[in-house]
Amino acid sequence: MIRYIKLIAEFIGKILSYTHLRKISNVIKPIISHIYTGMIRNEFQHLGCDSVISYRAKKLKGMNHISVGNNAQFSDGITLTAWDSYMDIKYNPSIVIGDNCRFGSNSHISAINSIKIGNNLLTGSNVLITDNAHGKSDDETTCIPPSKRTLFSKGPICIGNNVWIGNNVCILPGVRIGDGVIIGANSVVTKDIPAYTIAAGIPAKVIETK
């Protein structure tokens with residue numbers, strides 16, 4: 001029965017593909033995203049003019065600790081989490097994002113400390129920027145289930161202006177990335193990257209200076 005329902009649904013979809021419904025949906029989706037953004041705007045510490053959270057975010061937490069500049073765009077499935085408490089431990093998080101930033105789908109930004117992002121950032125999809133982890137890596141902590149470990153930060157993250165971050169990149173705590181940097185896809189950034197360089201790899205290393 002389920003198989004026949006799927007076949008009927010696909011047949012209906014094929015018929016609709018000959019109509020202008022797809023073009024209409026391309027217009028409706030941005031409108032829904034603007035409505036969604038309007039509904040959550042006041043929950044942010046600041047959300048600048050023309051900045052849009054695409055419908056629908058995967059998770060939004062601690063938005064009163066998140067400030068976003070003008071004309072920023074967050075694609076589908078974004079996760080923004082500023083943790084002011086976890087496991088009864090209090091934190092003082094801050095996420096500050098500049099103007100004209102573009103975040104790819106399913107990207108994730110998480111802070112218990114501080115994350116500062118300059119203007120004109122562009123990311124691919126599935127990018128993780130986090131200043132924290134579940135506990136330290138010492139023997140005492142690793143005996144505890146990860147979900148029950150307190151959050152721990154090795155330091156803040158600072159990303160400069162005009163930075164381009166490829167798909168599936170992880171930027172880990174205590175990292176500073178200079179202006180004009182390009183981070184290659186699938187890289188893990190564990191150390192500072194100087195301005196106007198190209199870095200890639202696990203861990204990411206400078207492979208070219210512009």
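**Entry 1. Charged pairs**

I take a salt bridge to be a side-chain nitrogen of Lys or Arg within 4 Å of a carboxyl oxygen of Asp or Glu. With that rule I went through this structure, which is a predicted model. My search of the whole structure returned one salt bridge. Lys-29 forms this bridge with Asp-76, and the closest N and O atoms are 2.7 Å apart. I then looked up where the two partners sit: Lys-29 is in helix α2, while Asp-76 is in the loop between β5 and β6. They are 47 residues apart, and the pair links distant parts of the chain.

Are the two partners buried or exposed? Lys-29 has 40% relative accessibility and therefore counts as partly exposed. Asp-76, at 30%, also counts as partly exposed.

**Entry 2. The chain as a whole**

I recorded three helices and 24 strands in the chain. Taken along the principal axes, the C-alpha atoms fill a box of roughly 60 × 45 × 35 Å. The chain has 210 residues, and 40% of them are buried. I noted an exposed area of about 12,000 Å², of which carbon and sulfur atoms supply 57%. I also looked at contacts between residues at least 6 apart in sequence: 30% of these join residues at least 24 apart.

**Entry 3. The parallel sheet**

I traced an open sheet of six strands with parallel pairing. Its strand order is β1-β4-β9-β12-β17-β20. Which strands form the edges? They are β1 (46–47) and β20 (176–177), each of which pairs on one side only. At the β1 edge, I found that β1 and β4 (residues 66–68) pair in the parallel sense over two bridges. Leu-47 stands opposite Val-68 in β4.

**Entry 4. Nonpolar cores**

I turned next to the buried nonpolar residues. The largest nonpolar core has 39 residues, and Ile-117, Ile-159 and Ile-171 touch the most other members. Several elements each supply at least two residues of this core, among them helix α2 (21–40) and the strands β4, β9 (94–97), β12 (114–117) and β17 (157–159). The strands β6 (79–82) and β11 (108–111) do so as well.

I listed the contacts of Ile-117, leaving out residues up to four places away in sequence: they are Val-96, Ile-97, Gly-98, Cys-101, Phe-103, Ile-109, Ile-129 and Ile-159. Apart from the largest core lies another, of five residues, including Trp-83, Tyr-91, Ile-112 and Leu-151.

**Entry 5. Aromatic pairs**

How many aromatic pairs does a search of the whole structure find? I obtained three. I examined two of them in detail.

The rings of Tyr-36 and Tyr-55 have centres 5.1 Å apart and planes at 85°, so I entered the pair as edge-to-face. Tyr-36 belongs to helix α2 and Tyr-55 to the loop between β2 (52–53) and β3 (59–61), so the pair ties together parts 19 residues apart in sequence. Tyr-36 counts as buried because its relative accessibility is 12%. Tyr-55 counts as partly exposed because its value is 41%.

Phe-74 and Phe-103 form a stacked pair, with 4.8 Å from centre to centre and 0° between the planes. Phe-74 lies in strand β5 (residues 73–74) and Phe-103 in strand β10 (residues 102–103), so this pair ties together parts 29 residues apart in sequence. I found both Phe-74 and Phe-103 to be buried. Phe-103 is also one of the contacts I listed for Ile-117.

**Entry 6. A buried arginine**

I looked up Arg-149 in the loop between α3 (139–142) and β16 (151–152). Its relative accessibility is 14%, so Arg-149 counts as buried. What does Arg-149 touch, not counting residues up to four places away in sequence? I noted Tyr-86, Met-87, His-134, Gly-135, Thr-141, Thr-142 and Ile-144.

**Entry 7. The β23–β24 hairpin**

My last entry concerns β23 (residues 197–200) and β24, which pair in the antiparallel sense over four bridges. Thr-197 stands opposite Thr-209 in β24. The two strands form a hairpin with four residues between them. In the turn, Gly-201 has a positive phi of about 110°.

Why does β24 (residues 205–209) lie largely in the open? The number of buried residues among its five is zero, so I recorded the strand as lying largely in the open.

Terms used: Residues are numbered from 1 along each chain as its sequence is written. This is a predicted model: local features need pLDDT of at least 70, side-chain atom pairs count only at pLDDT 80 or more; totals for chains, interfaces and linings use all residues. Side-chain values use heavy atoms; hydrogens and water are left out. Two strands pair if DSSP finds at least two bridges between them. Buried means under 20% relative accessible area, exposed over 50%, partly exposed in between (1.4 Å probe, protein chains only). Contact means heavy atoms within 4.5 Å. A nonpolar core is a set of buried Ala, Val, Leu, Ile, Met, Phe, Trp, Tyr and Cys residues joined through side-chain atoms within 4.5 Å. Rings of Phe, Tyr and Trp (its six-membered ring) pair if their centres lie within 6.5 Å; planes under 30 degrees apart count as stacked, over 60 as edge-to-face and the rest as tilted. Accessible areas come from the Shrake-Rupley method with a 1.4 Å probe; for residues, only the protein chains shown count as cover.
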